[in-house]
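User: Please walk me through this model, one question at a time.

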Amino acid sequence: MRGLYQLFAAYGNFLLFLALEGLSLVLLLQYNYRQQAIYDHSLLLLSSSAERQVDQLGDYINLRDEVLKLQGENQQLKQALESAKFSNAVQQDTVSNDSLEQLYTYIPANVIGNSINNTINYIRLDRGRKHGVAPNMGVISADGIVGVVRAVSEHYASVMSLLHRQTRIKAAVGSDGYFGTLRWTGKDPQYMQLEAIPKHAPVEVGDTVYTSGYSQLFPEGIMVGTVSEVKPPPGRNFYAIQVKLRNDLGKLRYVYVVNNLMREEHEELDETINE
Amino acid sequence: MNSAVGIHIFRFVALLLLQGLILKRISAGWMGYVYFDVLLYPLFIILLPLRTPRSLVMISAFLLGLGVDLFYGTIGLHAAASVFTAYLRAFVLSQLEPREGYNVDFSPTKAQLGAPWFFRYASIMLGIHLFAYFSIDAFSPVFFADIVVKTLYSFLFSMFFIIIMVLIFNPRQ
């Protein structure tokens, strides 16, 4: 009580000032439309900006679920694409929908391990045998191709990255579709070499490099990158083409494992020939 | 003592009526935009005796402002500005204190403290009041330029009326 009295003795005038000024402002906002409107508007701005902050936080927390949902959707869409189908039509002009058969299915996966700075780089995925992943399946991301599955366990898969000295991927270049083999020289993780493009092919800097579909690993027409340098080496019949990858393998997060449903048929054929 | 209180009550009512019934009509501008108001009622706050308790200054200013608000139809606006001015009165007085100090029985009037001192004091108080008034009226720092323009115009006209009133009545208390 004594403390309260001292408080009033010391700050009484100021407290009275605050009380009267507060009362005046309350009355002002109560009875004056213009000031009330400004006050409400300011309050709204303040609260909405605060709300937006909280919303963003919530978005971030829900991001994981969203990604999973989108992965599922992407999987559906990719499988519905024509490049994922096998056409049974014999005559071109009688193509109907029921002559298309599903050729590729996709298994969404998350990258849980990755490296780009060695000469032999592997990527680890959190999908394995249990989810239908098998060795020699292609792996793609939204921006292009990623690599080939080398080994699988029950829950994980080990993928040979594009950035691997043994990588050989059939790829086509330009509108004419001359195809060659993609290799990695082991230097720059942004660039690969496209080999075995014949010298008479019209290749220019900026041409698109895309998967040819010959390797049964990837559907046809997935963009790999662009031609950044064309050098006709003297005395050889093939270009040395440097390809700038569209996919940044250094920040890979979400990928799809490509399942070729007719792979066994191809293997059967191969065996028949080899016998 | 009683007569002194009576003078201030009379001044309170007179200024309130003068402001609310007559000076309210004097406001002008151009292009449909009000550029100045004449506010004479702060003279009451200005002229309260030096020994008036600060709390009483604020309460009477609040009541006067509320009364003016009733005439103007802007409940709370003049009251808020008046309370602000009344609260700052003590600071202004302490800043303007003459070298020999105040005589506690004095009122801050032209008759007792001299014309230069009084008009300096009155103009500072009026400036504070007008700035507070237009700031609270605009209610947003967005209109700062407007606030300053209105304060300057209103200051000229209001000060003119205050000088006339003080010269005519030359109040001692």
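Analyst: Let's begin with a useful scale: buried means under 20% relative accessible area, exposed over 50%, and partly exposed in between (1.4 Å probe, protein chains only). This is a predicted model, with local features needing pLDDT of at least 70 and side-chain atom pairs 80 or more, while totals for chains, interfaces and linings use all residues. Residues are numbered from 1 along each chain as written, chains are lettered from A and ligands numbered from 1 in written order, and side-chain values use heavy atoms, without hydrogens or water.

User: Is A:Arg129 buried, partly exposed or exposed?

Analyst: Look for A:Arg129 in the loop between strands S4 (120-125) and S5 (138-141) of chain A (strands are DSSP E runs of at least two residues, helices H or I runs of at least four, numbered from the N terminus). Its relative accessible area is 48%, so A:Arg129 is partly exposed.

User: Which residue forms a salt bridge with A:Arg129?

Analyst: A salt bridge puts a side-chain nitrogen of Lys or Arg within 4 Å of a carboxyl oxygen of Asp or Glu. Here the closest N and O atoms are 3.3 Å apart. The pair ties together parts 25 residues apart in sequence, because the partner lies in the loop between strands S6 (144-152) and S7 of chain A. That partner, partly exposed at 40%, is A:Glu154.

User: How many residues apart are A:Glu195 and A:Arg183?

Analyst: These two also form a salt bridge, with closest N and O atoms 3.3 Å apart. Each has 30% relative accessibility, so A:Glu195 and A:Arg183 both count as partly exposed. A:Glu195 sits in strand S10 (residues 191-195) and A:Arg183 in strand S9 (residues 178-183) of chain A, and their separation is twelve residues.

User: What is the N to O distance between B:Asp105 and B:Arg51?

Analyst: B:Asp105 lies between helices H4 (77-95) and H5 (110-113) of chain B, and B:Arg51 between helices H2 (42-47) and H3 (54-72), 54 residues apart. B:Asp105 is exposed at 52%, whereas B:Arg51 is partly exposed at 48%. Their side chains meet in a salt bridge at 2.7 Å.

User: How many salt bridges are there over all chains?

Analyst: We have met A:Glu154 with A:Arg129, A:Glu195 with A:Arg183, and B:Asp105 with B:Arg51. Over all chains, the total is seven.

User: Is A:Ser161 buried or exposed?

Analyst: A:Ser161 is in strand S7 (residues 157-164) of chain A. Beyond neighbours within four places in sequence, its contacts (heavy atoms within 4.5 Å) include A:Tyr122, A:Ile123 and A:Leu249. With a relative accessible area of 1%, A:Ser161 is buried.
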